[in-house]
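Me: Hello! I am new to this structure and would like a close look at a single part of it. Could you walk me through it in a friendly way?

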Amino acid sequence: MTALKDMPISFPGLFGSWEFNPDPIALHIGHGIYWYGIILAFAMLMGLLLCMKQAGRFGLKEDHVLDMVLWGVPCCVLGSRIYYVIFYLDLYRTADGGLDWGRMIAIWDGGLAIYGTVIAGALLAFFYTRRKKLKLGALTDLCVLGLLLGQIIGRWANFINREAFGGLTDLPWRMRLWVSSYQYIEVHPTFLYESLWNLAGLLLMLFVITKGRRFDGENTWFYFLWYGLGRAWVEGLRTDSLYLFDWTFMGQPIRVSQALSLVMAAVAAVMLFYHIRVKKCSAADLLVNRLARQRAEEAADAEPASKAPEEIREIPEEPENPQTEEDKPHGGEN
């Protein structure tokens, strides 16, 4: 079901008759500059600033973050688009069954998937750390902080576009959207659910998980566990899910994101259990702590050796009653 993008949004159970009617296009120039793109750009900028501020806690530098952004933005946009097109391939076919390549690259018409972003980002991080000889887990632990903040903000782009909403509901926080000039629906504001879920995850990561990290990669696995559980729940409420071709499970079509989220959460839980309970990792092995020890050792080696005690030189003692030439007895005198 598709909502009209030129009709107002309201929350009748919370704000009564108050309505909000944003134009999805911020500036009508060329194809138009959409609020969707502006919000996503702002989300990426905030994620970047957070990562730069937190880099030192993971033994990394701001330059590492900037390098990742320069490569990551185009790679992640491309990855999210490819992921979306693959699972919505029928939308990009011509009448004779061929592929409409023009529409496939028309990213300004919408069609991005967060899991494509995550996959592309993970591949980039792997090759970047191999090249720079960094620990992959340390870099991804930092990156997921920025990713979560970006997702918190980015979901509000869906709100402006009247998309990514859930099924019908009569809950007090239901969102009213118009599907025609005379018919409306009241649905789950799933964009809000996911934004709030990610906010809770980010706060946990900043003030609990990061402080108590026992191994590089702990933040990363926690992210996959937390986001996987939340996304599996939210995806079950949405009406615009991507489906895994024509496959079914127990008579129901398989939602790609929901299935992937559950698998991801299960794998993350196993990895956390293994590293914490079985391998019993210690914080001493974290990249940031290893670098701190290395710096301390280098500083100790650079200090000049303590000076040896100065030699004590013997100074001949003067006689207690020195005699002058006049005081000496003169021989031959009577």
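Leaving aside its neighbours within four places in sequence, which residues is Thr210 in contact with?

Reply: Happy to help, and please keep in mind that this is a predicted model. Setting aside the residues within four places in sequence, Thr210 is in contact with Arg57, Phe58, Met205 and Asn219.

To find Thr210 in the view, look for the loop between helix H7 (190-209) and H8. Thr210 has a relative accessible area of 8%. Because buried means under 20% relative accessible area, Thr210 counts as buried.

From that loop you can move on to helix H8, which covers residues 218-235. This helix has 18 residues and reaches 25 Å from its first C-alpha to its last, close to the 26 Å expected at 1.5 Å a residue. H8 is mostly covered, with 14 of its 18 residues buried.

Now for the wider setting. The protein has 10 helices and 8 strands. Of its 334 residues, 41% count as buried, and Thr210 is one of the buried residues. Among contacts in the protein with a separation of 6 or more, 67% are between residues 24 or more positions apart. The accessible surface of the protein comes to about 20,800 Å², and 62% of that surface belongs to carbon and sulfur atoms.

Another residue to look at beside this one is Tyr84, in helix H3 (residues 62-87). Tyr84 is buried too, with a relative accessible area of 17%. Not counting residues up to four places away in sequence, Tyr84 touches Tyr92, Gly111, Leu112, Ala113 and Leu242. One of these partners, Gly111, is 27 residues from Tyr84 in sequence, while the two are 6.1 Å apart in space, C-alpha to C-alpha.

Finally, a word about empty space inside the model. A search of the whole structure finds 1 cavity of 30 Å³ or more, and the largest cavity holds about 30 Å³ of space. Its lining is made up of Ile9, Asn158, Phe159, Arg162, Glu163, Met175, Leu177 and Phe191. By type, the lining residues divide into 5 nonpolar, 1 polar and 2 charged. Helix H6 (136-161) and strand S5 (175-178) each supply at least two residues of this lining.

To return to your part: Thr210 sits in the loop between H7 and H8, is buried, and has Arg57 and Asn219 among its contacts.

Methods: Residues are numbered from 1 along each chain as its sequence is written. This is a predicted model: local features need pLDDT of at least 70, side-chain atom pairs count only at pLDDT 80 or more; totals for chains, interfaces and linings use all residues. Side-chain values use heavy atoms; hydrogens and water are left out. Helices (H or I, at least four residues) and strands (E, at least two) are DSSP runs, numbered from the N terminus. Buried means under 20% relative accessible area, exposed over 50%, partly exposed in between (1.4 Å probe, protein chains only). Contact means heavy atoms within 4.5 Å. Accessible areas come from the Shrake-Rupley method with a 1.4 Å probe; for residues, only the protein chains shown count as cover. The expected span of a helix is 1.5 Å times one less than its number of residues. On a 1 Å grid over the protein atoms alone, a cavity is a set of points where a 1.4 Å probe fits but cannot get out, and a pocket is an open set with protein on both sides within 12 Å along at least five of seven lines; lining residues have an atom within 4 Å of a point. Grid points are joined across faces, edges and corners, and a volume is the space filled by probe spheres set on the points. Ala, Val, Leu, Ile, Met, Phe, Trp, Tyr, Cys and Pro count as nonpolar, Asp, Glu, Lys and Arg as charged, and the others, Gly among them, as polar.
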